[in-house]
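Good morning, colleagues. Please take a moment with the sequence and the structure on the screen before I begin.

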Amino acid sequence: MDPSLHFVFGTHPDHGFVATARTTPALPAHLADWFLTRVQFEPVPDEPGLYRLTDPGRDGRRRTRQAVTDLRRHGYTVHADIALDPAQSEGPPAPALPNGLSERRSRIAQAAGRPSQRRTVPITSAPSVRTAPSEPASTPTVRLRSPTTGRSR
């Protein structure tokens with residue numbers, strides 16, 4: 001095994017998608033375990049150091065490829081079978097959109113690119129301006145009665 005190699009991914013006839021880690025001073029066993037469990041792998045009972053993908057029937061190939069990509073982004077050296085290595089193989093086909101959504105989106109995109117069929121009326125005059133009511137020239141004076149003047153002494 002290459003001394004600079006940290007993780008190896010492949011397939012196993014009994015366990016499906018599997019991974020193993022090479023422990024080094026830079027990658028102790030507990031850290032390798034932590035990384036593999038975070039990318040959805042679990043230890044295989046009775047096989048120390050071997051991890052299998054949890055629920056491999058749920059898009060296992062894509063999830064394993066994503067685990068390879070994630071570990072490489074963290075700076076680890078990863079070897080994977082050609083089918084599981086995003087750098088060496090073409091990615092899986094994009095899933096088709098169910099219920100004709102792709103056709104509907106295509107029609108919407110085409111409609112958005114065309115000019116509107118609605119005719120707009122050209123504006124030939126300036127829009128009317130609404131004026132505020134004018135203030136009166138003189139304001140009425142209100143005389144208030146003082147409360148002290150109405151009293152008798």
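**Aromatic residues, sheet and core**

I begin with a group of rings: Phe7, Trp34, Phe35 and Tyr76 form one aromatic cluster. Please bear in mind throughout that this is a predicted model.

How many aromatic pairs does a search of the whole structure find? The number is four. One of them joins Phe7 and Tyr76 in an edge-to-face arrangement, with 5.7 Å centre to centre and 85° between the planes. Phe7 belongs to strand E1 and Tyr76 to the loop between H2 and E5, so this pair ties together parts that are 69 residues apart in sequence. Both Phe7 and Tyr76 are buried.

Another aromatic pair is that of Phe9 and Phe41, again edge-to-face, at 5.4 Å centre to centre and with 75° between the planes. Here strand E1 contributes Phe9 and strand E3 contributes Phe41, so the parts tied together are 32 residues apart in sequence. Phe9 counts as buried because its relative accessibility is 1%, and the limit for that class is under 20%. Phe41, at 2% relative accessibility, likewise counts as buried.

Let me turn to the sheet. In what order do its strands lie? The sheet is open, has five strands with mixed pairing, and runs in the order E3-E4-E2-E1-E5. E3 and E5 stand at the edges with a single partner strand each, so each has one side without a neighbour in the sheet. On average, and with direction ignored, neighbouring strands are turned by 30° against each other.

The pairing of E1 with E5 is parallel and extends over three bridges. Phe7 appears here once more, since we may follow it from its ring to its backbone: its bridge partner in E5 is Val78.

Two helices pack on this sheet. Helix H1 touches E1, E2, E3 and E4, and its direction makes about 50° with that of E1. Helix H2 touches E1, E2, E3, E4 and E5, and its direction makes about 170° with that of E1.

Next, the interior. In soluble globular proteins, nonpolar side chains tend to be buried together. In this model, the largest nonpolar core has 19 residues. Which residues have the most contacts inside it? They are Phe7, Phe9, Leu36 and Phe41. The elements that give two or more residues to this core are strand E1 (7-12), strand E2 (16-21), H1, E4, H2 and strand E5 (78-80). Phe7, Phe9 and Phe41 have therefore come before us twice, as members of aromatic pairs and as residues with the most contacts inside the core.

Finally, I draw your attention to two loop residues and their backbone angles. Gln40 is not a glycine, yet it has a positive phi of about 70°. Gln40 is placed in the loop between helix H1 (29-38) and strand E3 (41-43). Is Gln40 buried, exposed or partly exposed? Its relative accessibility is 36%, so Gln40 counts as partly exposed.

Asp59, also not a glycine, has a positive phi of about 60°. The loop that holds Asp59 runs between strand E4 (50-53) and helix H2 (60-73). With a relative accessibility of 43%, Asp59 counts as partly exposed.

Thank you for your attention.

Technical notes: Residues are numbered from 1 along each chain as its sequence is written. This is a predicted model: local features need pLDDT of at least 70, side-chain atom pairs count only at pLDDT 80 or more; totals for chains, interfaces and linings use all residues. Side-chain values use heavy atoms; hydrogens and water are left out. Helices (H or I, at least four residues) and strands (E, at least two) are DSSP runs, numbered from the N terminus. Buried means under 20% relative accessible area, exposed over 50%, partly exposed in between (1.4 Å probe, protein chains only). A nonpolar core is a set of buried Ala, Val, Leu, Ile, Met, Phe, Trp, Tyr and Cys residues joined through side-chain atoms within 4.5 Å. Two strands pair if DSSP finds at least two bridges between them. Axes are lines fitted to C-alpha atoms, for helices over the stretch in contact, and angles run from 0 to 180 degrees between N-to-C directions. Contact means heavy atoms within 4.5 Å. Rings of Phe, Tyr and Trp (its six-membered ring) pair if their centres lie within 6.5 Å; planes under 30 degrees apart count as stacked, over 60 as edge-to-face and the rest as tilted.
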